[in-house]
Amino acid sequence: MREPNGSRQSVIRFENPDGLDPDSLYIRSSSSDYDGLHYTTHAAGPFMSDDDSDDNVLIFDITAYLETHHSVERRALSFAVTW
């Protein structure tokens, strides 16, 4: 997940045409978390926000999520958003 200039992407934009509440979403990661657990589920709400310019887009702060739930050694993330 890199920007065209080669920098790392710190957010992911999700289309949200159904207006899902970010607090109803979860991140299910196959990558092990700080405790070494695979396939754990964490609330996505604290890391999601609405895009002020587009009501149909949610912004996921992947950097904040990774720093909260995954150690530096385990920052390769494979995940799904669920509700």
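In this predicted model, three strands come together as an open sheet, lined up in the order 1-5-4, and the pairing is antiparallel. Strand 1 (11-15) and strand 4 sit at the edges with a single partner strand each, so one side of each is left without a neighbour in the sheet. Going from one strand to the next, the twist averages 35°.

The pairings in this sheet can be followed bridge by bridge. Strand 1 is joined to strand 5 by five bridges, and the two run antiparallel. One example puts valine 11 opposite aspartate 61 in strand 5. On the other side of the pairing list, four bridges tie strand 4 to strand 5 (residues 54-61), and these two strands run antiparallel as well. What links strand 4 and strand 5 along the chain? The two form a hairpin, with two residues between them.

Several residue pairs show how that hairpin is put together. Methionine 48 stands opposite phenylalanine 60 in strand 5, while serine 49 has isoleucine 59 of strand 5 as its bridge partner. Further along, aspartate 51 faces aspartate 54, again in strand 5. A general point helps when looking at residues like these: in a regular strand, the side chains alternate between the two faces of the sheet.

Aspartate 51 turns up again when charges are considered. How many salt bridges does the model contain? The count comes to one salt bridge, going by a side-chain nitrogen of Lys or Arg within 4 Å of a carboxyl oxygen of Asp or Glu. The partners are aspartate 51 and arginine 13, whose closest N and O atoms are 2.6 Å apart. This pair links distant parts of the chain, with aspartate 51 in strand 4 and arginine 13 in strand 1, 38 residues apart. Those are the two strands that stand at the edges of the sheet.

Next to aspartate 51 in the numbering, aspartate 50 also lies in strand 4, which covers residues 48-51. Aspartate 50 belongs to a negative surface patch, formed together with Asp21, Asp23, Asp52 and Asp55.

A further set of three strands makes an open sheet too, this time in the order 3-2-6, and here the pairing is antiparallel. Which strands stand at the edges of this one? They are strand 3 (40-43) and strand 6 (79-82); each has a single partner strand, so one side of each is left without a neighbour in the sheet. Neighbouring strands here are turned by 25° against each other on average, if direction is ignored. Four bridges hold strand 2 (residues 26-29) to strand 3, and the two run antiparallel. Within that pairing, serine 29 has threonine 40 in strand 3 as its bridge partner.

Methods. Residues are numbered from 1 along each chain as its sequence is written. This is a predicted model: local features need pLDDT of at least 70, side-chain atom pairs count only at pLDDT 80 or more; totals for chains, interfaces and linings use all residues. Side-chain values use heavy atoms; hydrogens and water are left out. Patches are made of residues with over 30% relative accessible area and no salt bridge: like charges are joined within 9 Å, nonpolar side chains (Val, Leu, Ile, Met, Phe, Trp, Tyr) within 5 Å. Accessible areas come from the Shrake-Rupley method with a 1.4 Å probe; for residues, only the protein chains shown count as cover. Lys and Arg count as positive and Asp and Glu as negative; His and the chain ends are not counted. The place of a charge is taken as NZ of Lys, CZ of Arg, CG of Asp or CD of Glu. Two strands pair if DSSP finds at least two bridges between them. Axes are lines fitted to C-alpha atoms, for helices over the stretch in contact, and angles run from 0 to 180 degrees between N-to-C directions.
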